[in-house]
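Subject: Structure for you to look at

Hello,

I am handing over the structure we spoke about. Please open it first, then read the notes below alongside it.

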Amino acid sequence: MNFLAHIYLSDENDMIKIGNFMADGIRGNDYMNYPEEIKKGILLHREIDTFTDAHPIFRQSKHRLHERYGHYSGVIIDIFYDHFLAKNWETYSKVPLAEYVANFYTLLDNNFNILTTRTKKLLPSMVNQNWLLSYATIEGIGTILYQMDYRTKFKSKMQYSVEELQIFYQEFEEEFTLYFEEVRKMSSEKLMND
């Protein structure tokens with residue numbers, strides 16, 4: 001899953017949200033250097049990634065892109081799934097997406113000192129271009145994919161995957177909906193048991 005889903009799956013705990021959001025930049029046992037709730041968020045992120053990578057529905061979505069995008073297909077599906085979460089946000093949250101996103105940016109800003117260096121560098125672009133809100137539109141997803149393609153020196157060709165998103169839109173959305181119910185359940189159980 002990509003940023004929006006990881007944040008959402010952290011439930012209402014702000015520190016777990018922060019840990020879950022910045023977990024990709026934290027290797028091995030380095031998570032032990034953080035406060036307890038941040039640690040929970042980092043470990044939740046890892047559980048979500050493991051669950052996602054092995055999930056047959058996610059793999060089905062990914063397979064549709066694999067021939068053209070190779071190992072980047074999983075990254076692309078993460079972004080597509082965030083699109084469907086943002087697009088259908090009112091199904092999953094009573095808080096409007098724009099408000100939810102603004103609150104999250106404020107949360108990061110208020111806790112800037114505990115963020116990883118990588119997250120601190122990412123934050124200005126993320127906020128200025130409002131990535132999380134832009135996921136709700138195909139145009140916004142196209143911009144994100146272009147930026148990611150740029151970071152790979154255009155080797156990944158990710159920017160072109162918007163074509164597949166449009167061609168197989170209904171299939172991807174149906175797969176997301178089924179998958180997301182399962183990952184929500186798994187995350188909720190994990191948070192209750194920790």
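Phe176 and Phe180 are four residues apart in helix 12 (residues 169–193), so about one helical turn separates them. In general, an α-helix has 3.6 residues a turn, so residues three or four places apart point the same way. Phe176 is buried, at a relative accessible area of 0%, and Phe180 is likewise buried at 0%. Their rings form a stacked aromatic pair, with 5.0 Å from centre to centre and 25° between the planes.

Before the rest, a word on confidence. This is a predicted model. The protein chain has a mean pLDDT of 94, and 99% of its residues reach 70 or more. Confidence is highest in helix 7 (residues 97–110), at a mean of 97, and lowest in helix 8 (residues 117–128), at 91.

Aromatic rings

The whole structure holds 21 aromatic pairs. One of them joins Trp89 and Tyr100: the ring centres are 4.7 Å apart and the planes meet at 55°, so this pair is tilted rather than stacked, since stacking requires under 30 degrees. Trp89 belongs to helix 6 (residues 89–92) and Tyr100 to helix 7, so the pair links distant parts of the chain, eleven residues apart. Both Trp89 and Tyr100 are buried.

Ring pairs also build a cluster whose members include Trp89, Tyr100, Phe176 and Phe180. Also among the members are Tyr8, Phe51, Phe58, Tyr81 and Phe84.

Arg64 deals with two rings. Its charged end sits over the ring of Phe168, 5.4 Å from the centre. Arg64 also lies over the face of Phe172, at 4.7 Å from that ring centre.

The nonpolar core

Which residues touch the most other members of the largest nonpolar core? They are Leu4, Phe80, Leu85, Leu132 and Phe180, in a core of 59 residues. Helix 5 (residues 73–87) gives the most to this core, with eight residues.

Helix 8

Thr119, Leu123 and Met126 are the residues to look at on the inner side of helix 8, where they are buried. Seen down the helix axis, the buried residues of helix 8 fall within an arc of 85°, so they line one face. Thr117, Lys121 and Asn128, on the other side of helix 8, are exposed. The cover over the buried residues includes helix 1 (3–8), helix 2 (14–22), helix 7 and helix 9 (131–134). Just after helix 8, Asn130 has a positive phi of about 45°.

The loop between helix 10 and helix 11

Two lysines with positive phi are found in the loop between helix 10 (138–151) and helix 11 (162–167), namely Lys153 and Lys157. Phi is near 55° for Lys153 and near 65° for Lys157. Are these side chains buried or exposed? Lys153 is exposed, with a relative accessible area of 66%. Lys157 counts as partly exposed, because its relative accessibility of 41% falls between the cut-offs of 20% and 50%.

Regards

Key
Residues are numbered from 1 along each chain as its sequence is written. This is a predicted model: local features need pLDDT of at least 70, side-chain atom pairs count only at pLDDT 80 or more; totals for chains, interfaces and linings use all residues. Side-chain values use heavy atoms; hydrogens and water are left out. pLDDT is the predictor's confidence in each residue, from 0 to 100. Buried means under 20% relative accessible area, exposed over 50%, partly exposed in between (1.4 Å probe, protein chains only). The arc is that of the directions from the helix axis to the C-beta atoms. Contact means heavy atoms within 4.5 Å. Rings of Phe, Tyr and Trp (its six-membered ring) pair if their centres lie within 6.5 Å; planes under 30 degrees apart count as stacked, over 60 as edge-to-face and the rest as tilted. A charge sits over a ring if NZ of Lys or CZ of Arg is within 6 Å of the ring centre and within 35 degrees of the ring normal. A nonpolar core is a set of buried Ala, Val, Leu, Ile, Met, Phe, Trp, Tyr and Cys residues joined through side-chain atoms within 4.5 Å.
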